[in-house]
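Colleague: Please choose one part of this model and take a close look at it for a first-year student. I would like a connected account that also places the part within the whole chain.

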Amino acid sequence: MDASRPGGSGTLAVVAPAEQPKREVPAPQQVLGLDGLRGLAALYVVLFHCWLYTFPGYPRSSAPGWLDPLSFGRLAVVFFLVLSGFSLAIAPARHGWRTAGAGRFLRRRAWRILPPYWAALVMSLVIAWFVVSPSHYGLPTAKSVLVYGLVAQDVFTAPTPNGAFWSIGVESELYLLFPLLLLVRRKFGAAVLVAAVTLPVIAWGMWAPGANPVEGANGLTPHLAPVFVAGMAGAGVVVASERVRRLPWGWLAVLAAAPVAVVGVARGFVWTVNHYFWVDLAVAPAMTMLIVAVATGRSAVIVRFLTARPMRSLGDLSYSLYLIHLPIVMAVIHRVAPHVVGRGLPTFLFTLGVALPVSVLGAWLFARVFELPFKRNRSWRALVAARRS
């Protein structure tokens with residue numbers, strides 16, 4: 001849901017900088033473990049969609065109760081957004097909360113995010129028109145091509161070619177706001193930034209009618225901006241004093257998550273889904289602390305796991321996996337499984353066995369063609385030269 005992949009490259013300050021591109025600004029240092037977190041979140045979203053479209057009736061799903069842990073796909077995207085804010089803010093945090101300029105930042109974000117997104121959009125349209133209807137609102141139309149091509153799906157409503165694309169619209173709008181958010185952080189500090197973004201959202205949620213939007217609806221950027229800003233605030237820990245960095249961030253994350261988990265268990269899954277507006281805000285601090293624990297190396301066992309080669313590889317293709325997996329899952333559930341297995345649990349297990357590996361392999365191939373070249377080369381000239389060589 002990239003350096004900010006759904007939402008890219010953030011990865012511990014003790015690691016040597018990546019190879020210098022031929023530009024005046026040095027490449028950012030990576031923080032170990034963040035790509036692994038991103039990869040796991042993307043994998044969870046795939047599992048969630050396998051669950052969601054196998055068992056009808058969401059949120060009152062007909063799935064067996066033991067599959068309930070797969071039902072919180074929305075929170076995985078919230079985690080993507082927290083991680084995106086954290087990853088993007090690390091480099092500015094190391095330079096006094098300044099960037100090389102808003103225009104340059106936005107150009108680099110567009111170069112990094114849009115080419116694979118547009119390629120996935122074409123793929124999704126083809127599958128939607130000729131293989132299986134997408135997950136929301138029927139077949140895509142010409143308006144869908146325009147709205148989704150302009151990444152304006154959080155502003156305008158149109159039949160979607162890919163139900164996972166809603167978060168790309170949200171994240172794109174947050175990129176546009178990022179330079180302004182950095183300015184507030186630099187001038188007034190983290191507390192003012194968090195309060196300025198979060199308090200209006202809380203007020204809106206308390207008094208505005210219909211202020212608890214469902215997953216997949218547009219107009220979600222104001223609601224989800226606080227979780228992005230929580231990640232930005234957490235990035236300050238990376239450059240904080242050793243005393244702050246040495247705090248038990250992992251345990252603090254557990255303590256912060258415990259009340260949310262207790263309320264969710266007590267109220268039940270349907271209540272949780274119907275109150276995602278508040279759950280998103282409540283869980284963001286715990287997610288931020290978990291990311292900080294990984295980034296500061298306070299959870300050594302977790303960091304070793306996240307930096308193992310399989311996790312790094314999964315992180316490298318996580319954006320591509322997020323972009324292309326849902327049409328594959330839908331095709332398997334609706335076009336293949338009915339000819340092979342029965343409905344319900346057999347279809348779910350069949351989908352896991354087929355759609356999951358196909359999605360991962362497809363994401364690997366997709367990333368090599370449409371994502372990694374743009375990640376490794378920051379201009380058309382560099383990309384063409386790399387192709388020729």
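Modeller: Of the 389 residues in the protein chain, 52% are buried. This is a predicted model, and its chain has 16 helices and zero strands. The accessible surface of the chain is about 17700 Å², and 67% of that area belongs to carbon and sulfur atoms.

The part I have chosen is helix α3, which spans residues 102-130. Let us begin with its charged contact. Side chains of opposite charge can pair when their charged atoms come close. R112 and E371 form such a salt bridge, with a distance of 2.8 Å from N to O. Because R112 lies in helix α3 and E371 in helix α15, this pair ties together parts of the chain that are 259 residues apart in sequence. Is each partner buried or exposed? The limit for a buried residue is a relative accessible area under 20%. R112 has a relative accessibility of 6% and therefore counts as buried. E371 is at 0%, so E371 counts as buried too.

Helix α15, on the other side of this bridge, covers residues 345-376 and also holds P373. P373 counts as buried because its relative accessibility is 11%. Apart from neighbours within four places in sequence, P373 contacts A367, R368, L383 and R387. The C-alpha atoms of P373 and A386 are 8.3 Å apart, although 13 residues separate the two in sequence.

Returning to helix α3, we may now turn to its surface. V122, V126, W129, F130, V131, L139 and V145 make up a nonpolar surface patch with about 650 Å² of accessible area together. Helix α3 supplies the largest share of this patch, namely four residues. Among the members of the patch is W129, which has its place in helix α3. Where does W129 stand between buried and exposed? Its relative accessible area is 40%, so W129 is partly exposed.

Another member of the patch, V131, leads to a different helix. V131 is touched by A331, which also touches V132 and V336 when residues up to four places away in sequence are not counted. A331 belongs to helix α14, residues 318-336. At 16% relative accessibility, A331 counts as buried. A331 also lies 9.3 Å from P134, C-alpha to C-alpha, across 197 residues of sequence.

The interior of the chain gives the wider setting. Its largest nonpolar core contains 111 residues, and those with the most contacts inside it are L34, W51, F86, Y117 and L323. Helix α2, residues 73-94, contributes the most to this core, with 14 residues. As one example, F86 is in contact with L34, G231, M232, G234, A235, V238, I291, V292 and A295, leaving out residues up to four places away in sequence.

How many salt bridges are there in total? The count is four. Besides the pair already described, D35 and R38 are joined at 2.6 Å, N to O. These two residues are about one helical turn apart, because they are three residues apart in helix α1, residues 34-54. Both of them are buried. D280 and R74 form another salt bridge, at 3.0 Å from N to O. This bridge links distant parts of the chain, since D280 is in helix α11, residues 276-295, and R74 is in helix α2, 206 residues away. D280 and R74 are both buried.

Aromatic rings complete the setting. A pair of aromatic rings is described by the distance of the centres and the angle of the planes. The whole structure holds 18 aromatic pairs. In one of them, Y148 and F165 are tilted, with 6.5 Å between centres and 45° between planes. Y148 sits in helix α4, residues 142-149, while F165 sits in the loop between α4 and α5, 17 residues apart. Both Y148 and F165 are buried. Finally, F48, W51, Y58, F72 and F269 form one aromatic cluster; W51 is also among the residues with the most contacts in the largest nonpolar core.

To return to the chosen part: helix α3 is linked to helix α15 through R112 and E371, and it provides four residues of the nonpolar surface patch.

Conventions:
Residues are numbered from 1 along each chain as its sequence is written. This is a predicted model: local features need pLDDT of at least 70, side-chain atom pairs count only at pLDDT 80 or more; totals for chains, interfaces and linings use all residues. Side-chain values use heavy atoms; hydrogens and water are left out. Patches are made of residues with over 30% relative accessible area and no salt bridge: like charges are joined within 9 Å, nonpolar side chains (Val, Leu, Ile, Met, Phe, Trp, Tyr) within 5 Å. Accessible areas come from the Shrake-Rupley method with a 1.4 Å probe; for residues, only the protein chains shown count as cover. A salt bridge is a side-chain nitrogen of Lys or Arg within 4 Å of a carboxyl oxygen of Asp or Glu. Buried means under 20% relative accessible area, exposed over 50%, partly exposed in between (1.4 Å probe, protein chains only). A nonpolar core is a set of buried Ala, Val, Leu, Ile, Met, Phe, Trp, Tyr and Cys residues joined through side-chain atoms within 4.5 Å. Contact means heavy atoms within 4.5 Å. Rings of Phe, Tyr and Trp (its six-membered ring) pair if their centres lie within 6.5 Å; planes under 30 degrees apart count as stacked, over 60 as edge-to-face and the rest as tilted.
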